[in-house]
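Trainee: Could you take one part of this model and walk me through it closely? I'd like to see how a sheet and the helices on it fit together.

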Amino acid sequence: MALRTIRTEGDPVLYKVCKPVKEMTQRTAELIEDMFETMYDGNGVGLAANQVGILKQIVVIDVDDGNRYVLINPEIIETEGSQTGQEGCLSVPDMSGTVTRPEKVKVRAYDENMKEYELTGEGLLARAICHECDHLKGKLYTELVEGDLHNVNDPDYQDEDDR
Ligand code: NI
């Protein structure tokens, strides 16, 4: 396993549409392991392959619910309700902003064995699924932010949050 370099806002690879994965190879399996390691190292809850410069439809998620999710070629097939809350991204370091997402989503994807499955997520997991699937379409959450982005190190940020 190895840490990969996380691409940041402005890097063209973050605005490109990722390509479907056709088969699992040793190289792709290593990429997935590296993505988890890189995500944990950055204290993130999700990471998309183009964030480490690879234009493949691969997402890893761990929202600390005891599961490590691998979503290959994911497709959101159902959404329900809405939630409005703070969101951040490892590709937009130190920033956070308010984004409205569905409260519940159902996604169809392939796992690391290329077995198709469906995952239903609520709350933070639903938010992470939406955020990461957007990455694969070349979209950053900053496009969806309501109001201004905040620097999480800004002392006024806390006040904003408590309002
Ligand atoms: Ni992100």
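Mentor: Let's go through the five-stranded sheet, then the helices packed on it.

A few ground rules come before that. This is a predicted model, so local features need pLDDT of at least 70 and side-chain atom pairs count only at pLDDT 80 or more, while totals for chains, interfaces and linings use all residues. Residues are numbered from 1 along each chain as its sequence is written, and side-chain values use heavy atoms, with hydrogens and water left out.

Start with the sheet itself. It is open, with 5 strands in the order E1-E2-E3-E6-E7 and antiparallel pairing. Strands here are DSSP runs (E, at least two residues), helices likewise (H or I, at least four), numbered from the N terminus; two strands pair if DSSP finds at least two bridges between them. E1 and strand E7 (116-122) are the edges: each has a single partner strand, so one side of each has no neighbour in the sheet. On average, neighbouring strands are turned by 35° against each other, direction ignored. Axes are lines fitted to C-alpha atoms, for helices over the stretch in contact, and angles run from 0 to 180 degrees between N-to-C directions.

Now the pairings inside. E2 and E3 are antiparallel over 4 bridges, and Ile61 sits opposite Tyr69 in E3. E3 is in turn joined to strand E6 (residues 104-110) by 6 bridges, again antiparallel. Along that seam Thr79 faces Val105 in E6, and Glu75 has Arg108 in E6 as its bridge partner.

Two helices pack on this sheet. H1 touches E1, E2 and E3, and its direction makes about 40° with that of E2. H2 touches E1, E2, E3, E6 and E7, at about 125° to the direction of E7. Contact here means heavy atoms within 4.5 Å.

Take H1 in more detail. It has 16 residues and reaches 22 Å from first C-alpha to last, close to the 22 Å expected at 1.5 Å a residue; the expected span is 1.5 Å times one less than the number of residues. Its buried residues are Thr28, Leu31, Ile32, Asp34, Met35, Phe36, Thr38 and Met39, and they pack against E1, E2 and strand E3 (69-80). Buried means under 20% relative accessible area, exposed over 50%, and partly exposed in between (1.4 Å probe, protein chains only). Just after H1, Asn43 has a positive phi of about 55°.

H1 also carries an aromatic pair, and a search of the whole structure finds 1 of these. Phe36 and Tyr40 are stacked, 6.1 Å centre to centre with 20° between the planes. For the cut-offs, rings of Phe, Tyr and Trp (its six-membered ring) pair if their centres lie within 6.5 Å, and planes under 30 degrees apart count as stacked, over 60 as edge-to-face and the rest as tilted. Both residues lie in helix H1 (residues 26-41), 4 residues apart, or about one turn of the helix. Phe36 counts as buried because its relative accessibility is 2%, whereas Tyr40, at 34%, is partly exposed. Phe36 has a charged companion too: Arg68 lies over its face, 3.8 Å from the ring centre. A charge sits over a ring if NZ of Lys or CZ of Arg is within 6 Å of the ring centre and within 35 degrees of the ring normal.

Back to H2 (residues 124-136), which also lies across E4 and E5, at about 65° to E4. Of its 13 residues, 12 are buried, so H2 is largely enclosed by the rest of the structure. Among them are Leu125, Ile129, Cys130, His131, Cys133 and Leu136. Its end C-alpha atoms are 19 Å apart, in agreement with the 18 Å that 13 residues should span. Just after H2, Gly138 takes a positive phi of about 80°.

One last residue is worth a look, in the loop between strand E1 (46-48) and strand E2 (58-61): Gln57. With a relative accessible area of 18%, Gln57 is buried. Leaving aside neighbours within four places in sequence, Gln57 is in contact with residues including Cys18, Pro20, Leu71, Asn73 and Leu136. Leu136 is one of the buried residues of H2.
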